[in-house]
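Please work through the exercises below with the sequence and the model side by side. Try each task before you read its solution.

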Amino acid sequence: MTPLIDPFARAISYLRVSVTDRCDFRCTYCMSEHMTFLPKADLLSLEELDRLCTAFIRMGVQKLRITGGEPLVRKGILTFFEAMSRHLQTGALKELTLTTNGSQLTKFAEPLAALGIRRINVSLDTLDPEKFAHITRWGRLPQVLDGIKAAKAAGLRVKINAVALKGFNEDELFPLLDWCAREDQDLTFIEVMPMGEDMADTLRLDQYWPLKDLRARVAERFTLTDLTERTGGPARYVRIEETGQKLGFITPLTHNFCESCNRVRLTCTGQLYMCLGQEDMADLRAPLRATPDDAVVEDAIRAAIARKPKGHDFDYTRQHVKGQMTRHMSHTGG
Ligand code: SAM
C-alpha cells in the first residue's frame with residue numbers, strides 16, 4: 001500500500017485519537033464545569049475506531065496516541081487497546097501510547113503494560129493537593145499520585161505534562177523539576193492555549209506564561225543544552241546538565257515545527273484535523289458508516305491528507321485569536 005504522504009512530502013506516521021469527549025476532571029483551562037457531552041450515536045463505536053485506526057496503520061501510521069477527554073473513562077477501552085495491540089505484535093505499529101489524567105491508572109496500568117504499552121503521558125499541573133482540586137475541580141491529587149505509582153510498578157515509563165500557568169504553578173517550577181528528577185520521570189511544560197469564548201471566564205489572560213520566560217527562569221539556575229531530538233510535533237527538549245533530566249516545552253501554536261509535521265488528529269466523532277492550528281477537517285465517519293468497504297475509507301483518508309496545509313502561523317498572543325481558537329482541541333486531546 002502506498003504510504004500517506006502529504007503535498008509537502010511529509011509522511012504521516014503519527015495519529016492522535018480522541019476516544020471520548022468525556023472526562024472525570026473539569027480542568028478550568030480545558031472544560032467548563034457543566035459540559036454538555038455528545039450523544040452516544042455521534043461517537044465512533046470501538047469497532048469503528050478500530051476500523052479507522054487500522055486503515056491508518058495500513059497506510060503507514062506507526063505511532064498511535066490515545067487521548068480524550070479522558071481515554072480511560074471510555075467504557076470498554078481495554079478492548080480497544082487490546083485490538084490495537086495486535087498491530088504492535090505484527091510490527092506495523094511501533095508505538096501505542098496514551099495521554100491520561102492518571103485518575104484510573106491503579107486499575108488500568110497493569111493490563112495496559114501487559115498489552116505492550118511502554119510509555120504514557122500523565123497530565124499533572126501541581127503537587128499541592130488544594131491547588132490540584134482547584135484547577136481540576138473534580139480531581140484529587142492522591143488518586144493521581146497512586147496512579148503514577150501503579151504505572152511505574154507495572155513497568156510503564158511516565159512523562160509528566162504540566163500546563164504552565166502564571167500565578168498558579170509558577171512557584172512550583174523547581175519543586176516539579178525536583179520531584180521529576182527524584183522519580184526519574186521526564187517533564188514537559190505546555191503553553192496554555194485560549195480555548196474559546198465559553199472559557200473566557202475561567203482562563204484569565206494574565207495566566208498566560210510564555211514558555212520562553214519559563215525556560216529563562218530554569219536557565220538562571222541550571223545549564224540547558226538543546227537536544228536535537230524531534231518528534232515531528234510541537235515539543236522541543238533540553239537536557240539539564242546538573243541533573244541529567246530531560247525537560248520539554250510544548251508551544252502548540254508556535255510556527256516552528258510545521259515543516260517536519262508528521263501527524264494528524266482524529267476526534268471521537270470521526271473528524272480528522274490535518275493541522276493543529278487550522279479549522280479545516282474531514283469527516284471520516286460518513287464514509288465509515290456508509291459502507292463496510294475499507295477502500296472507500298482509505299480514499300477519504302487520502303483525500304484529507306491531500307488537504308494538509310503547509311503550516312500555520314498563529315501567534316496566539318494576538319487578541320483576535322481569542323474565540324476563534326480551535327474548539328476541536330478539547331475533542332482531540334489538547
Ligand atoms: N484527559 C487526558 C489528560 O488529562 O491528559 C487527555 C486529554 S487532555 C485535553 C490533554 C492535554 O491537554 C492535557 O495535558 C491538558 O493539560 C492539556 N490541555 C487542556 N486544555 C489546555 C489548554 N487550554 N492549554 C494547554 N493545554 C491544555
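The exercises that follow concern a predicted model, and each task is answered by a worked solution.

**Exercise 1. The surroundings of the ligand**

Task: Find which residues come nearest to the ligand, describe the classes in the shell, and work out which polar atoms of the protein lie beside nitrogen atoms of the ligand.

Solution: Begin with the residues around the ligand, of which there are 18, and note that Y29, G69, E70, S123 and M193 come nearest. Sorting this shell by class gives seven nonpolar, nine polar and two charged residues. Next, look at which strands take part: strand 3 (95-100) and strand 6 (186-191) each supply at least two residues of the shell.

Then turn to the polar atoms, for which the cut-off is a pair of N or O atoms within 3.5 Å. A backbone N or O atom of Y29 is 3.0 Å from a nitrogen atom of the ligand, and a polar backbone atom of M193 lies 2.8 Å from a nitrogen atom of the ligand. With E70, by contrast, it is an N or O atom of the side chain that lies 3.0 Å from a ligand nitrogen atom. As a last step, consider how far the ligand is covered: taken alone it exposes 550 Å², and the protein buries 94% of that.

**Exercise 2. Strand 2 and its partner**

Task: Determine how many residues of strand 2 are buried, which way they point, and how strand 1 runs beside strand 2.

Solution: Strand 2 covers residues 63-67, and five of its five residues are buried. To see how they are arranged, separate them by direction: K63, R65 and T67 point one way, whereas L64 and I66 point the other way, and all are buried. Now add the neighbouring strand, since strand 1 (residues 14-18) is joined to strand 2 by five bridges, and the two run parallel. Within this pairing, R16 stands opposite R65.

**Exercise 3. A helix residue and a distant partner in the chain**

Task: Decide whether I57 is buried or exposed, and state what separates its C-alpha atom from that of L93.

Solution: First place I57, which is found in helix 1 (residues 46-58). Its relative accessible area is 7%, and because buried means under 20%, I57 counts as buried. Finally, compare positions along the chain and in space: I57 and L93 are 36 residues apart along the chain, while their C-alpha atoms are separated by 6.8 Å.

**Exercise 4. Unusual backbone angles**

Task: Locate the cis peptide bond, and describe where A9 and D184, with their positive phi values, lie.

Solution: The cis peptide bond runs from G68 to G69, with omega near 25°, and G69 is found in the loop between strand 2 and helix 2 (77-90). For the phi values, start with A9, which is not a glycine but has a positive phi of about 65°; it sits in the segment before strand 1. A9 has a relative accessibility of 63%, so it counts as exposed. D184, also a residue other than glycine, has a positive phi near 55°, and it lies in the loop between helix 6 (173-182) and strand 6. Its relative accessibility is 51%, so D184 counts as exposed.

**Exercise 5. Cysteines**

Task: Establish how many disulfides the whole structure contains, and whether C180 and C268 are buried or exposed.

Solution: A search of the whole structure finds zero disulfides. As for accessibility, C180 is at 1% and therefore counts as buried, and C268, with a relative accessible area of 1%, is buried.

Methods:
Residues numbered from 1 in each chain as written. Predicted model: local features only at pLDDT ≥ 70, side-chain atom pairs only at ≥ 80, totals over all residues. Heavy atoms only, no water. Near = heavy atom within 4 Å. Polar contact = N/O pair within 3.5 Å; in protein donor to acceptor, adjacent residues only side chain to side chain. Areas by Shrake-Rupley, 256 points an atom, 1.4 Å probe, with all protein chains shown as cover. Helix = DSSP H or I, 4+ residues; strand = E, 2+ residues; numbered from the N terminus. Nonpolar A, V, L, I, M, F, W, Y, C, P; charged D, E, K, R; others polar. Disulfide = S-S within 2.5 Å. Buried < 20%, exposed > 50% of the residue type's maximum accessible area, 1.4 Å probe, protein only. Pairing = 2+ DSSP bridges.
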